[in-house]
Amino acid sequence: MNEEYKVTPWDVTGKVDYNKLIQDFGTEPIDDKLLERWKRITGSIPMAMQRKIFFSHRDLNWLLDRYEQGEKFVLYTGRGPSGHTHLGHLLPWIFTKYLQDTFDAPLYFQMTDDEKFLNKDGLGMKDALGFTYDNTLDVIALGFDPKKTRIFSDVEYSKTLYRISLEVAKRVTFSTAKAVFGFDNSTNIGMIFITSMQSAPAFLPSVEARKNVPVLIPQAIDQDPHFRITRDVAPKMGYYKPAAIHCTFLPGLAGSDKMSASKPESAVYTTDDPKVAHKKILSAFTGGRVSVEEQKKMGGVPGVCAVFQYYYYLFEEDSQKLSQREQKCTRGEIMCGECKQELADRVVRFLEKHQENREKAKDKVQDFIVSDYSALYDRLKKPQDKKEVSKYKKAMKEYYSTKEGENILIGKTKELEDK
Ligand code: TRP
(Lines give C-alpha, C1' and ligand atoms only; values in the text may rest on other atoms or scores of the structure.)
Protein backbone atom coordinates (compact mmCIF):
# COMPACT_ATOMS: atom_id res chain seq x y z
CA MET A 1 0.00 0.00 0.00
CA ASN A 2 1.04 3.58 -0.64
CA GLU A 3 3.21 4.95 2.13
CA GLU A 4 1.73 8.43 2.20
CA TYR A 5 -1.62 7.25 3.46
CA LYS A 6 -3.09 4.34 5.29
CA VAL A 7 -6.64 3.00 5.21
CA THR A 8 -7.64 0.18 7.53
CA PRO A 9 -10.88 -0.30 9.50
CA TRP A 10 -9.13 1.10 12.58
CA ASP A 11 -6.79 3.67 11.19
CA VAL A 12 -7.08 6.21 8.40
CA THR A 13 -4.20 8.65 8.01
CA GLY A 14 -2.68 10.85 5.32
CA LYS A 15 -4.12 12.14 2.09
CA VAL A 16 -5.99 9.23 0.59
CA ASP A 17 -5.62 8.55 -3.13
CA TYR A 18 -9.01 7.02 -3.81
CA ASN A 19 -8.23 5.88 -7.34
CA LYS A 20 -5.21 4.05 -6.06
CA LEU A 21 -7.32 2.57 -3.30
CA ILE A 22 -9.68 1.06 -5.86
CA GLN A 23 -6.68 -0.78 -7.29
CA ASP A 24 -5.21 -1.71 -3.91
CA PHE A 25 -8.50 -3.06 -2.60
CA GLY A 26 -9.61 -4.52 -5.93
CA THR A 27 -13.01 -2.80 -5.99
CA GLU A 28 -14.64 -1.25 -9.04
CA PRO A 29 -15.13 2.44 -9.78
CA ILE A 30 -18.65 3.79 -10.16
CA ASP A 31 -18.37 4.87 -13.78
CA ASP A 32 -20.67 6.79 -16.10
CA LYS A 33 -22.16 3.61 -17.49
CA LEU A 34 -23.24 2.52 -14.04
CA LEU A 35 -24.57 5.99 -13.26
CA GLU A 36 -26.68 5.88 -16.42
CA ARG A 37 -28.05 2.52 -15.44
CA TRP A 38 -28.82 3.85 -11.97
CA LYS A 39 -30.70 6.73 -13.53
CA ARG A 40 -32.64 4.44 -15.82
CA ILE A 41 -33.77 2.32 -12.88
CA THR A 42 -34.38 4.94 -10.19
CA GLY A 43 -35.13 8.04 -12.24
CA SER A 44 -32.20 10.13 -11.02
CA ILE A 45 -28.63 10.11 -9.80
CA PRO A 46 -28.23 11.18 -6.18
CA MET A 47 -25.82 13.99 -5.39
CA ALA A 48 -23.42 11.73 -3.51
CA MET A 49 -22.97 9.50 -6.56
CA GLN A 50 -22.81 12.34 -9.01
CA ARG A 51 -20.02 13.96 -6.99
CA LYS A 52 -18.18 10.66 -6.58
CA ILE A 53 -18.52 10.82 -2.82
CA PHE A 54 -19.79 7.30 -3.38
CA PHE A 55 -17.11 6.30 -5.84
CA SER A 56 -16.53 2.58 -5.65
CA HIS A 57 -18.47 -0.67 -5.42
CA ARG A 58 -18.51 -4.43 -5.51
CA ASP A 59 -21.13 -6.28 -7.54
CA LEU A 60 -23.56 -3.38 -7.90
CA ASN A 61 -24.43 -4.48 -11.41
CA TRP A 62 -25.24 -7.95 -10.15
CA LEU A 63 -27.46 -6.44 -7.47
CA LEU A 64 -29.29 -4.28 -10.01
CA ASP A 65 -29.74 -7.32 -12.28
CA ARG A 66 -31.44 -9.09 -9.41
CA TYR A 67 -33.50 -6.07 -8.60
CA GLU A 68 -34.67 -5.74 -12.18
CA GLN A 69 -35.67 -9.37 -12.08
CA GLY A 70 -37.90 -8.60 -9.16
CA GLU A 71 -35.65 -9.77 -6.34
CA LYS A 72 -35.73 -7.29 -3.47
CA PHE A 73 -32.54 -6.59 -1.57
CA VAL A 74 -31.79 -5.77 2.05
CA LEU A 75 -29.51 -2.96 3.22
CA TYR A 76 -26.92 -3.51 5.90
CA THR A 77 -24.67 -0.91 7.48
CA GLY A 78 -23.28 -0.09 10.90
CA ARG A 79 -21.33 1.99 13.31
CA GLY A 80 -18.59 1.41 15.83
CA PRO A 81 -19.94 3.33 18.84
CA SER A 82 -16.75 4.65 20.38
CA GLY A 83 -17.90 8.22 20.87
CA HIS A 84 -20.39 10.80 19.72
CA THR A 85 -21.42 10.93 16.08
CA HIS A 86 -19.86 13.54 13.81
CA LEU A 87 -20.92 14.81 10.41
CA GLY A 88 -18.56 12.41 8.65
CA HIS A 89 -20.39 9.44 10.14
CA LEU A 90 -23.69 10.76 8.86
CA LEU A 91 -22.56 10.68 5.23
CA PRO A 92 -23.12 6.95 4.58
CA TRP A 93 -26.23 6.93 6.76
CA ILE A 94 -27.87 9.75 4.85
CA PHE A 95 -27.11 7.83 1.68
CA THR A 96 -28.52 4.65 3.22
CA LYS A 97 -31.73 6.50 4.00
CA TYR A 98 -31.89 7.52 0.34
CA LEU A 99 -31.42 3.87 -0.63
CA GLN A 100 -34.13 2.72 1.74
CA ASP A 101 -36.59 5.24 0.31
CA THR A 102 -35.65 4.58 -3.30
CA PHE A 103 -35.65 0.80 -3.22
CA ASP A 104 -38.13 0.31 -0.41
CA ALA A 105 -35.49 -1.80 1.29
CA PRO A 106 -35.31 -3.07 4.86
CA LEU A 107 -32.22 -1.98 6.79
CA TYR A 108 -30.17 -3.93 9.34
CA PHE A 109 -28.01 -1.53 11.34
CA GLN A 110 -25.22 -3.04 13.43
CA MET A 111 -23.63 -1.29 16.40
CA THR A 112 -20.27 -2.98 16.93
CA ASP A 113 -19.93 -2.09 20.58
CA ASP A 114 -18.05 -5.36 21.05
CA GLU A 115 -15.43 -4.21 18.56
CA LYS A 116 -15.03 -0.81 20.17
CA PHE A 117 -14.87 -2.24 23.66
CA LEU A 118 -12.09 -4.57 22.56
CA ASN A 119 -10.21 -2.09 20.45
CA LYS A 120 -10.27 1.14 22.36
CA ASP A 121 -8.16 1.64 25.44
CA GLY A 122 -10.14 3.17 28.23
CA LEU A 123 -13.53 2.40 26.70
CA GLY A 124 -15.43 0.25 29.17
CA MET A 125 -18.34 -2.04 28.37
CA LYS A 126 -20.86 0.40 29.74
CA ASP A 127 -19.31 3.25 27.75
CA ALA A 128 -19.60 1.25 24.55
CA LEU A 129 -23.22 0.36 25.31
CA GLY A 130 -23.91 3.97 26.21
CA PHE A 131 -22.59 5.16 22.89
CA THR A 132 -24.66 2.52 21.15
CA TYR A 133 -27.69 4.19 22.63
CA ASP A 134 -26.39 7.69 21.93
CA ASN A 135 -25.49 6.93 18.30
CA THR A 136 -28.79 5.13 17.77
CA LEU A 137 -30.51 8.46 18.34
CA ASP A 138 -28.56 9.92 15.43
CA VAL A 139 -29.57 7.08 13.15
CA ILE A 140 -33.23 7.41 14.09
CA ALA A 141 -33.03 11.21 13.75
CA LEU A 142 -32.26 10.81 10.05
CA GLY A 143 -35.76 9.53 9.47
CA PHE A 144 -35.45 5.82 8.75
CA ASP A 145 -38.69 3.88 8.53
CA PRO A 146 -39.23 2.07 11.86
CA LYS A 147 -41.18 -0.68 10.12
CA LYS A 148 -38.24 -1.45 7.86
CA THR A 149 -35.31 -0.72 10.14
CA ARG A 150 -33.74 -2.75 12.87
CA ILE A 151 -30.84 -1.46 14.93
CA PHE A 152 -28.89 -3.80 17.18
CA SER A 153 -25.95 -3.82 19.53
CA ASP A 154 -23.61 -6.74 18.93
CA VAL A 155 -23.34 -7.30 22.66
CA GLU A 156 -27.10 -7.54 23.03
CA TYR A 157 -27.87 -9.36 19.83
CA SER A 158 -24.97 -11.76 20.01
CA LYS A 159 -27.16 -14.78 20.60
CA THR A 160 -28.79 -14.18 17.24
CA LEU A 161 -25.54 -13.35 15.47
CA TYR A 162 -23.25 -15.86 17.10
CA ARG A 163 -24.24 -18.96 15.18
CA ILE A 164 -23.65 -17.22 11.88
CA SER A 165 -20.39 -15.74 13.17
CA LEU A 166 -19.15 -19.18 14.09
CA GLU A 167 -19.86 -20.44 10.59
CA VAL A 168 -17.80 -17.54 9.27
CA ALA A 169 -15.00 -17.91 11.83
CA LYS A 170 -14.52 -21.56 11.00
CA ARG A 171 -13.69 -20.57 7.44
CA VAL A 172 -11.22 -17.76 8.13
CA THR A 173 -7.67 -18.58 9.15
CA PHE A 174 -5.51 -16.54 11.49
CA SER A 175 -3.09 -16.06 8.65
CA THR A 176 -5.83 -14.42 6.52
CA ALA A 177 -6.88 -12.18 9.41
CA LYS A 178 -3.27 -11.14 9.94
CA ALA A 179 -2.76 -10.38 6.27
CA VAL A 180 -6.03 -8.45 5.91
CA PHE A 181 -5.98 -6.50 9.18
CA GLY A 182 -2.31 -6.43 10.11
CA PHE A 183 -2.82 -8.18 13.46
CA ASP A 184 0.29 -9.13 15.40
CA ASN A 185 1.14 -10.87 18.65
CA SER A 186 0.03 -7.90 20.71
CA THR A 187 -3.51 -7.95 19.28
CA ASN A 188 -6.05 -9.11 21.85
CA ILE A 189 -7.77 -12.34 20.93
CA GLY A 190 -11.23 -10.76 20.81
CA MET A 191 -10.29 -8.63 17.84
CA ILE A 192 -9.43 -11.69 15.81
CA PHE A 193 -13.04 -12.81 15.97
CA ILE A 194 -14.58 -9.40 15.32
CA THR A 195 -14.65 -9.63 11.55
CA SER A 196 -16.92 -12.68 11.78
CA MET A 197 -19.37 -10.64 13.89
CA GLN A 198 -19.36 -7.98 11.22
CA SER A 199 -20.05 -10.59 8.54
CA ALA A 200 -23.05 -12.07 10.29
CA PRO A 201 -25.67 -9.42 9.43
CA ALA A 202 -24.87 -9.90 5.74
CA PHE A 203 -26.29 -13.43 6.03
CA LEU A 204 -28.97 -12.90 8.64
CA PRO A 205 -31.64 -11.84 6.11
CA SER A 206 -31.09 -15.09 4.22
CA VAL A 207 -31.22 -17.14 7.42
CA GLU A 208 -34.49 -15.47 8.35
CA ALA A 209 -36.05 -15.77 4.91
CA ARG A 210 -34.85 -19.38 4.50
CA LYS A 211 -33.67 -18.47 1.05
CA ASN A 212 -30.90 -16.38 -0.43
CA VAL A 213 -31.55 -12.67 -0.14
CA PRO A 214 -29.33 -10.12 -1.92
CA VAL A 215 -27.71 -7.63 0.44
CA LEU A 216 -26.17 -4.24 -0.27
CA ILE A 217 -23.72 -2.75 2.23
CA PRO A 218 -23.26 1.03 2.04
CA GLN A 219 -20.03 1.84 3.87
CA ALA A 220 -17.00 4.09 4.07
CA ILE A 221 -14.19 2.48 2.08
CA ASP A 222 -12.16 1.64 5.21
CA GLN A 223 -14.63 -1.14 6.01
CA ASP A 224 -13.94 -3.00 2.78
CA PRO A 225 -11.33 -5.37 4.29
CA HIS A 226 -14.05 -6.89 6.49
CA PHE A 227 -16.33 -7.52 3.58
CA ARG A 228 -13.62 -9.01 1.41
CA ILE A 229 -13.61 -11.77 4.01
CA THR A 230 -17.42 -11.88 4.11
CA ARG A 231 -17.54 -12.24 0.36
CA ASP A 232 -14.89 -14.96 0.38
CA VAL A 233 -16.78 -17.15 2.80
CA ALA A 234 -20.27 -16.45 1.43
CA PRO A 235 -20.34 -19.13 -1.30
CA LYS A 236 -18.75 -21.64 1.06
CA MET A 237 -21.70 -21.09 3.37
CA GLY A 238 -24.18 -21.25 0.50
CA TYR A 239 -25.09 -17.56 0.45
CA TYR A 240 -24.89 -14.75 -2.09
CA LYS A 241 -21.87 -12.50 -1.77
CA PRO A 242 -23.08 -9.17 -0.40
CA ALA A 243 -22.72 -6.22 -2.78
CA ALA A 244 -21.06 -3.05 -1.54
CA ILE A 245 -21.02 0.65 -2.27
CA HIS A 246 -18.17 2.73 -0.83
CA CYS A 247 -17.81 6.37 0.09
CA THR A 248 -14.82 8.62 0.71
CA PHE A 249 -14.21 10.38 4.02
CA LEU A 250 -15.45 13.81 4.89
CA PRO A 251 -12.27 15.85 5.35
CA GLY A 252 -11.52 17.37 8.73
CA LEU A 253 -11.91 21.08 9.35
CA ALA A 254 -8.16 21.37 9.75
CA GLY A 255 -7.73 20.30 6.12
CA SER A 256 -6.54 17.13 4.37
CA ASP A 257 -7.27 13.90 6.27
CA LYS A 258 -10.58 12.61 7.55
CA MET A 259 -12.41 14.01 10.58
CA SER A 260 -10.94 12.45 13.62
CA ALA A 261 -12.32 11.74 17.03
CA SER A 262 -8.88 12.39 18.48
CA LYS A 263 -9.04 16.00 17.27
CA PRO A 264 -12.46 17.24 18.47
CA GLU A 265 -11.92 20.72 17.04
CA SER A 266 -11.50 19.24 13.56
CA ALA A 267 -14.98 17.71 13.51
CA VAL A 268 -18.53 18.89 14.08
CA TYR A 269 -20.36 16.52 16.40
CA THR A 270 -24.11 16.11 16.27
CA THR A 271 -24.15 16.83 19.99
CA ASP A 272 -22.09 20.03 19.70
CA ASP A 273 -23.71 23.18 20.96
CA PRO A 274 -24.52 25.00 17.70
CA LYS A 275 -22.53 27.99 18.95
CA VAL A 276 -19.46 25.81 19.38
CA ALA A 277 -19.98 24.33 15.92
CA HIS A 278 -20.27 27.84 14.51
CA LYS A 279 -16.90 28.71 16.01
CA LYS A 280 -15.31 25.53 14.68
CA ILE A 281 -16.35 26.45 11.15
CA LEU A 282 -15.05 29.98 11.50
CA SER A 283 -11.64 28.67 12.47
CA ALA A 284 -11.51 26.02 9.73
CA PHE A 285 -8.61 25.73 7.34
CA THR A 286 -9.29 27.39 3.98
CA GLY A 287 -7.55 27.76 0.67
CA GLY A 288 -7.36 31.50 1.18
CA ARG A 289 -4.43 33.86 0.64
CA VAL A 290 -2.54 35.80 3.28
CA SER A 291 -4.28 39.09 2.58
CA VAL A 292 -7.50 40.37 1.05
CA GLU A 293 -5.52 42.11 -1.70
CA GLU A 294 -3.77 38.91 -2.63
CA GLN A 295 -6.98 36.97 -2.52
CA LYS A 296 -8.64 39.45 -4.88
CA LYS A 297 -5.68 39.28 -7.22
CA MET A 298 -4.93 35.56 -7.19
CA GLY A 299 -8.15 33.96 -5.98
CA GLY A 300 -8.50 31.18 -3.42
CA VAL A 301 -7.82 27.48 -3.82
CA PRO A 302 -11.04 25.50 -3.26
CA GLY A 303 -9.21 22.24 -3.92
CA VAL A 304 -7.44 22.42 -0.56
CA CYS A 305 -10.17 24.29 1.33
CA ALA A 306 -11.98 22.45 4.12
CA VAL A 307 -14.88 24.90 3.94
CA PHE A 308 -15.42 24.22 0.26
CA GLN A 309 -15.32 20.49 0.98
CA TYR A 310 -18.17 20.90 3.44
CA TYR A 311 -20.31 22.55 0.82
CA TYR A 312 -19.32 19.83 -1.61
CA TYR A 313 -20.08 16.92 0.71
CA LEU A 314 -23.14 18.09 2.58
CA PHE A 315 -24.10 21.72 2.52
CA GLU A 316 -24.72 22.68 -1.11
CA GLU A 317 -27.02 20.32 -2.92
CA ASP A 318 -27.42 22.57 -5.94
CA SER A 319 -24.51 21.69 -8.21
CA GLN A 320 -24.83 24.87 -10.21
CA LYS A 321 -24.56 26.98 -7.08
CA LEU A 322 -21.62 24.90 -5.97
CA SER A 323 -19.67 25.55 -9.15
CA GLN A 324 -20.58 29.24 -9.01
CA ARG A 325 -19.10 29.36 -5.54
CA GLU A 326 -15.99 27.61 -6.79
CA GLN A 327 -15.57 30.03 -9.66
CA LYS A 328 -16.12 33.06 -7.50
CA CYS A 329 -13.46 31.77 -5.15
CA THR A 330 -10.83 31.13 -7.79
CA ARG A 331 -11.53 34.52 -9.35
CA GLY A 332 -11.05 36.24 -6.02
CA GLU A 333 -14.64 37.49 -5.92
CA ILE A 334 -15.52 36.01 -2.57
CA MET A 335 -13.48 36.16 0.62
CA CYS A 336 -13.02 33.30 3.05
CA GLY A 337 -14.76 35.11 5.88
CA GLU A 338 -17.99 35.36 3.94
CA CYS A 339 -17.82 31.79 2.73
CA LYS A 340 -17.22 30.49 6.25
CA GLN A 341 -19.98 32.58 7.73
CA GLU A 342 -22.49 31.18 5.26
CA LEU A 343 -21.39 27.63 5.92
CA ALA A 344 -21.46 28.16 9.68
CA ASP A 345 -25.06 29.35 9.41
CA ARG A 346 -26.03 26.29 7.40
CA VAL A 347 -24.30 23.96 9.82
CA VAL A 348 -26.07 25.61 12.75
CA ARG A 349 -29.44 25.24 11.05
CA PHE A 350 -28.71 21.60 10.32
CA LEU A 351 -27.64 20.93 13.91
CA GLU A 352 -30.67 22.61 15.41
CA LYS A 353 -32.99 20.49 13.33
CA HIS A 354 -30.99 17.32 13.91
CA GLN A 355 -30.86 17.87 17.66
CA GLU A 356 -34.58 18.37 17.72
CA ASN A 357 -34.98 15.06 15.90
CA ARG A 358 -32.54 13.42 18.30
CA GLU A 359 -34.73 14.46 21.20
CA LYS A 360 -37.80 13.03 19.50
CA ALA A 361 -35.86 9.85 18.75
CA LYS A 362 -35.66 9.11 22.47
CA ASP A 363 -39.30 8.12 22.38
CA LYS A 364 -38.88 6.00 19.27
CA VAL A 365 -35.94 3.88 20.31
CA GLN A 366 -38.13 0.92 21.14
CA ASP A 367 -39.48 0.88 17.60
CA PHE A 368 -36.00 0.39 16.19
CA ILE A 369 -33.87 -1.64 18.54
CA VAL A 370 -33.93 -5.40 18.70
CA SER A 371 -32.06 -7.50 21.20
CA ASP A 372 -31.92 -11.07 22.39
CA TYR A 373 -33.67 -9.99 25.54
CA SER A 374 -36.84 -9.60 23.54
CA ALA A 375 -37.09 -13.37 23.48
CA LEU A 376 -36.25 -13.72 27.15
CA TYR A 377 -38.76 -11.09 28.00
CA ASP A 378 -41.49 -12.91 26.13
CA ARG A 379 -40.83 -15.93 28.30
CA LEU A 380 -40.82 -13.87 31.48
CA LYS A 381 -44.09 -12.26 30.63
CA LYS A 382 -45.96 -15.30 31.87
CA PRO A 383 -47.61 -14.30 35.15
CA GLN A 384 -46.21 -17.24 37.13
CA ASP A 385 -42.76 -15.79 36.55
CA LYS A 386 -43.48 -12.63 38.48
CA LYS A 387 -40.78 -13.25 40.99
CA GLU A 388 -38.32 -13.93 38.24
CA VAL A 389 -39.33 -10.75 36.51
CA SER A 390 -38.45 -8.60 39.47
CA LYS A 391 -35.13 -10.41 39.95
CA TYR A 392 -34.34 -9.91 36.30
CA LYS A 393 -35.37 -6.29 36.43
CA LYS A 394 -33.00 -5.58 39.27
CA ALA A 395 -30.09 -7.38 37.71
CA MET A 396 -30.56 -5.69 34.37
CA LYS A 397 -30.91 -2.29 35.88
CA GLU A 398 -27.56 -2.72 37.54
CA TYR A 399 -26.05 -4.21 34.42
CA TYR A 400 -27.13 -1.34 32.24
CA SER A 401 -26.86 1.61 34.54
CA THR A 402 -24.81 3.73 32.19
CA LYS A 403 -25.07 7.46 32.00
CA GLU A 404 -26.43 7.76 28.51
CA GLY A 405 -27.36 4.18 27.91
CA GLU A 406 -29.74 4.03 30.84
CA ASN A 407 -32.32 2.67 28.50
CA ILE A 408 -29.96 0.56 26.54
CA LEU A 409 -31.98 -2.51 27.14
CA ILE A 410 -34.20 -0.44 25.13
CA GLY A 411 -37.68 -0.75 26.02
CA LYS A 412 -37.44 -4.18 27.42
CA THR A 413 -36.46 -3.13 30.94
CA LYS A 414 -38.60 -0.12 30.57
CA GLU A 415 -41.60 -2.21 29.62
CA LEU A 416 -40.90 -4.41 32.61
CA GLU A 417 -40.70 -1.40 34.88
CA ASP A 418 -43.99 -0.13 33.62
CA LYS A 419 -45.64 -3.38 34.72
N1 TRP B 1 -16.97 -1.61 12.14
C2 TRP B 1 -17.69 -0.47 11.71
C3 TRP B 1 -17.09 0.80 12.35
O4 TRP B 1 -16.18 0.73 13.09
C5 TRP B 1 -19.15 -0.56 12.01
C6 TRP B 1 -19.89 -1.48 11.08
C7 TRP B 1 -20.42 -2.70 11.39
C8 TRP B 1 -20.19 -1.24 9.72
N9 TRP B 1 -21.06 -3.24 10.32
C10 TRP B 1 -20.93 -2.37 9.29
C11 TRP B 1 -19.93 -0.19 8.85
C12 TRP B 1 -21.39 -2.45 7.97
C13 TRP B 1 -20.38 -0.28 7.53
C14 TRP B 1 -21.11 -1.41 7.11
O15 TRP B 1 -17.55 1.86 12.08
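**View 1. Val74 of strand 5 pairs with Val215 of strand 8.** Here we look at a spot where two strands meet: in strand 8, Val215 is the bridge partner of Val74, and Val74 itself sits in strand 5. This is a predicted model, where local features need pLDDT of at least 70, side-chain atom pairs count only at pLDDT 80 or more, and totals for chains, interfaces and linings use all residues. Residues are numbered from 1 along each chain as its sequence is written, and side-chain values use heavy atoms, with hydrogens and water left out. Strands (E, at least two residues) and helices (H or I, at least four) are DSSP runs, numbered from the N terminus. Strand 5 and strand 8 run parallel, joined by two bridges; two strands pair if DSSP finds at least two bridges between them.

**View 2. Val74 is tucked away among residues from elsewhere in the sequence.** Val74 counts as buried because its relative accessibility is 8%; buried means under 20% relative accessible area, exposed over 50%, and partly exposed in between (1.4 Å probe, protein chains only). Leaving aside neighbours within four places in sequence, Val74 is in contact (heavy atoms within 4.5 Å) with Pro106, Tyr108, Pro205, Val213, Pro214, Val215 and Leu216. Take Leu216: 142 residues separate it from Val74 in sequence, yet the two are 6.3 Å apart in space, C-alpha to C-alpha.

**View 3. Strand 8 is buried on both faces.** Val215, Ile217 and Gln219 point one way, while Leu216, Pro218 and Ala220 point the other, and all are buried. In a regular strand the side chains alternate between the two faces of the sheet. Six of the six residues of strand 8 are buried, so this strand is largely enclosed by the rest of the structure. Strand 8 also runs parallel to strand 9 (residues 243-247), with five bridges joining them, and Pro218 stands opposite Ile245 in strand 9.

**View 4. Seven strands make an open sheet.** Zooming out a little, the strand order is 3-4-9-8-5-6-7, and the pairing is mixed. Strand 3 (28-29) and strand 7 (149-153) stand at the edges with a single partner strand each, so one side of each has no neighbour in the sheet.

**View 5. A ligand sits in a shell of 15 residues.** A residue is near the ligand if one of its heavy atoms lies within 4 Å of it, and the closest are Tyr76, Gln110, Glu115, Gln198 and Gln223. Polar side-chain atoms of Tyr76 and Glu115 each lie 2.9 Å from a nitrogen atom of the ligand, and one of Gln223 lies 3.1 Å from a ligand nitrogen. On its own the ligand has 370 Å² of accessible area, and the protein covers 91% of that (Shrake-Rupley method, 1.4 Å probe). Strand 5 gives the most to the shell, with four residues. Strand 5 (74-79), helix 6 (113-119) and strand 8 (215-220) each supply at least two.

**View 6. Gln295 is buried in helix 13.** This last close-up shows helix 13 (residues 292-298), where Gln295 is found. Gln295 counts as buried because its relative accessibility is 3%. Not counting residues up to four places away in sequence, Gln295 touches Gly288, Arg289, Gly300, Gly332, Ile334, Met335 and Cys336.

How values were computed: Polar contact = N/O pair within 3.5 Å; in protein donor to acceptor, adjacent residues only side chain to side chain.
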